[in-house]
Amino acid sequence: MPTELAPAKVNLYLHVTGRRADGYHLLDSLAVFGPAADEVAAEPATGLSLALDGPFGAGLAAEADNLVLRAARALAAEAGIAAGAALRLAKHLPIASGIGGGSADAAAALRLLNRLWSLGFEEARLGAIGARLGADVPVCLASRPMRMGGVGEVLSPAPVLPECGLLLVNPGLALATPAVFRARMGVFTPAPALPSAWADAMAMARDLAALRNDLEAPAIGLCPPIAEVLTVLGALPGCLLARMSGSGATCFGLFATAAAAVAAAPALPGGWWRAAGALHPAR
Ligand code: C5P
């Protein structure tokens, strides 16, 4: 069965740079793709259907507003065809957790159905469809390191990234993105100048440490256990930087190597979801 991975999106930093008249926030962020992924599969069928499984499948409903089905309908409408596919979503990423799971699923469905329906749409055309489904869908379509601007849909190349490892941790708490943006206070943070490349993980961590995730403080206000996750992550041997991703509650630790991230994971308290491995430079 044709399958596409929907890797977790991790925001290495996220500055809120302004707000649009419609209430959406302008961002500057460096998005990378982490060591865990949902999986979307599809077979030809008459009409659209969606089956859910995987460890977090029970937390979602296979209803018409599911992002995978919305993506399928949007793509079929753009192509002027009747949407026909039996879709399956294996949900391995925690839901509403700041690592773009729903957006990654929608993006994977667009990539997959573009193939299944032999549409041959370019990434930019899929991105325009994706942007209407969610601000993170365009970067998830690329599924490779990208700098995000606009409300998330304006993509530009990321600096060349060094080898490094990521440890993702979620305390089992969901956060609603709009609530976190609403709770944000203070001035807007300008977009930083970034180098064209980082020679190694230490240099990257040093530069990232001078930046922030502007949604971290409001998310901690709504969900105080995030502060504990960050403290525990930051104290792990070899952790170069601990920060929250997106609107939370998933946090990440940055390590010099994938092996260091994997080795650090067993010291985490039981009950916290975690995934460790390489920061994947490409899908
Ligand atoms: O685009 P998406 O559906 O992922 O966004 C969810 C919500 O997060 C939006 O309705 C909005 O409240 C908030 N948001 C925002 N600025 C962004 C992205 C999301 O205010 N750039």
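This report walks through the two domains, one sheet and the ligand surroundings of a predicted model.

**Two domains and their contact**

Let us start with the overall layout. The chain splits into domain 1, spanning 3–156, and domain 2, spanning 159–278. Between the C-alpha centres of domain 1 and domain 2 there are 22 Å. Where the two domains meet, domain 1 brings 24 residues to the contact and domain 2 brings 32 residues.

Looking at the side of domain 1 that touches domain 2, you will find strand E1 (3–19) and strand E2, each supplying at least two residues. E1 accounts for the largest share of that side, with 10 residues. Sorted by class, the side of domain 1 that touches domain 2 holds 14 nonpolar, nine polar and one charged residues.

**The ligand shell**

Now to the ligand. The residues around the ligand include Tyr 24, His 25 and Leu 27, then Gly 134, Ala 135 and Asp 136. Val 151 and Gly 152 are also among the residues around the ligand, as are Thr 177, Pro 178 and Phe 181. Both domains take part: domain 1 (3–156) and domain 2 (159–278) each give at least three residues to this shell.

Which elements supply at least two residues of the shell around the ligand? They are strand E2 (25–43) and helix H5 (177–183). H5 gives the most, with three residues. E2 thus turns up in two places, in the shell around the ligand and on the side of domain 1 that touches domain 2.

Here is the shell around the ligand by residue class:

| Class | Residues in the shell |
|---|---|
| Nonpolar | six residues |
| Polar | four residues |
| Charged | one residue |

**A four-stranded sheet**

A sheet is worth a visit too. Four strands form an open sheet in the order E8-E9-E7-E10, and their pairing is antiparallel. Strand E8 (241–244) and strand E10 (273–278) are the edge strands; each has a single partner strand, so one side of each has no neighbour in the sheet. On average, neighbouring strands of this sheet are turned by 20 degrees against each other, with direction ignored.

As a reminder, strands of a sheet pair through backbone hydrogen bonds, in a parallel or an antiparallel way. How many bridges join strand E7 to E10? Six bridges link E7 (residues 165–170) with E10, and the two strands run antiparallel. To find this pairing on your screen, look for Leu 168, which stands opposite Ala 275 in E10.

Notes:
Residues numbered from 1 in each chain as written. Predicted model: local features only at pLDDT ≥ 70, side-chain atom pairs only at ≥ 80, totals over all residues. Near = placed C-beta within 6 Å. Nonpolar A, V, L, I, M, F, W, Y, C, P; charged D, E, K, R; others polar. Domains from an automatic or database assignment. Pairing = 2+ DSSP bridges. Axes fitted to C-alpha atoms, helices over the stretch in contact; angles between N-to-C directions. Contact = placed C-beta atoms within 7 Å.
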